[in-house]
Amino acid sequence: LEQVASAPAVGLGGFTGNGEKTNHLLFFVLVDFQQKNDYNKVMEYCERWRWEMMNLSKESQAVLSSNGEFTSFSSGGHTIRFRTSPHLVRYTSVKKWDHGYLVVMAKYNNIPHDEEEYIDLIPILHNLYFDAERFLSMIKKVNIHYDN
């Protein structure tokens, strides 16, 4: 850590997406990563900093979509994909978001009307070794988005 602390650094002031100045300062640390421990410490710091920056937004939003047999859930620079029914055409609306639990309406090619579906992201996140509590705590709203 002493090697990291004494390394030359370049600072850059931070701004939020709406132009407000933040009280965070981003440092690009120039370090010769000869020891794996030094690299891991810098990477841990960067991960903590990234989570802090995500917390700056007043309302963090996630995006739910599907493509073929896969559903995608994206937030904070992460996209989680998991298998769904081969009959799923698209999600049509989000009825409820409750800290990792989604109630959505979905259109299937073998059912004439939209069906209510339930998605529990917590076990999926745990299987992917995510800190589910921290990841989900920042999401206030989930939107559905398709490119076409």
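Strand 3 and strand 4 form a hairpin with two residues between them, and in its turn G68 has a positive phi of about 65°. Strands, like helices, are taken here as DSSP runs numbered from the N terminus, where a strand is a run of E of at least two residues and a helice is a run of H or I of at least four. Strand 3 covers residues 60-67 and strand 4 covers residues 70-75, and the two pair in the antiparallel sense over five bridges; strands are said to pair if DSSP finds at least two bridges between them. One of these bridges can be followed by name, since S66 has T71 in strand 4 as its bridge partner.

All of this is read from a predicted model, in which local features need a pLDDT of at least 70 and side-chain atom pairs count only at pLDDT 80 or more, while totals for chains, interfaces and linings use all residues. Residues are numbered from 1 along each chain as its sequence is written, and side-chain values use heavy atoms, with hydrogens and water left out.

**The sheet around the hairpin**

The hairpin belongs to an open sheet of four strands, whose order is 5-4-3-9 and whose pairing is mixed. Strand 5 (78-83) and strand 9 (139-144) are the edge strands, each of which pairs on one side only. From one strand to the next the twist averages 20°, where axes are lines fitted to C-alpha atoms and angles run from 0 to 180 degrees between N-to-C directions. On the other pairing of strand 3, strand 9 runs parallel to strand 3, and the two are joined over five bridges; in strand 9, I144 is the bridge partner of L64.

**A second hairpin**

Strand 6 (residues 88-98) and strand 7 (residues 101-108) pair in the antiparallel sense over eight bridges. Within this pairing, R90 has K107 in strand 7 as its bridge partner. The hairpin of these strands has two residues between them, and H99 takes a positive phi near 50° there.

**Salt bridges**

A search of the whole structure finds three salt bridges, a salt bridge being a side-chain nitrogen of Lys or Arg within 4 Å of a carboxyl oxygen of Asp or Glu. Side chains of opposite charge can pair when their charged atoms come close. The table gives the pairs.

| Pair | N to O distance |
|---|---|
| R83 and E69 | 2.6 Å |
| E116 and K95 | 2.6 Å |
| R134 and D131 | 3.9 Å |

R83 lies in strand 5 and E69 in the loop between strand 3 and strand 4, so their salt bridge ties together parts that are 14 residues apart in sequence. R83 counts as exposed at 57% relative accessibility, whereas E69 is partly exposed with a relative accessible area of 33%; buried means under 20% relative accessible area, exposed over 50%, and partly exposed in between, with a 1.4 Å probe and protein chains only. The salt bridge of E116 and K95 links strand 8 (residues 115-120) with strand 6, the two residues being 21 residues apart. Of this pair, E116 is partly exposed at 29%, and K95 is exposed at 52%. In the remaining pair of the table, R134 is partly exposed at 33% relative accessibility, and D131 is partly exposed at 41%.

**A buried leucine**

Is L136 buried or exposed? With a relative accessible area of 1%, L136 is buried, and its place is in helix 4 (residues 132-137). Leaving aside residues up to four places away in sequence, L136 touches W97, H99, G100, I122 and L125, where contact means heavy atoms within 4.5 Å. The C-alpha atoms of L136 and S60 are separated by 9.8 Å, although these residues are 76 apart along the chain.

**The protein as a whole**

The protein has four helices and nine strands, which follow the pattern α-β-β-α-β-β-β-β-β-β-α-α-β along the sequence. Of its 148 residues, 28% are buried. Among contacts between residues at least 6 apart in sequence, 40% join residues at least 24 apart.

The pLDDT, which is the predictor's confidence in each residue from 0 to 100, averages 76 over the protein, and 61% of the residues score at least 70. Over residues 1-33 the pLDDT is below 50, and beyond near neighbours in sequence this stretch has 44 contacts in the model. Where pLDDT is low, the predicted coordinates should not be read in detail.
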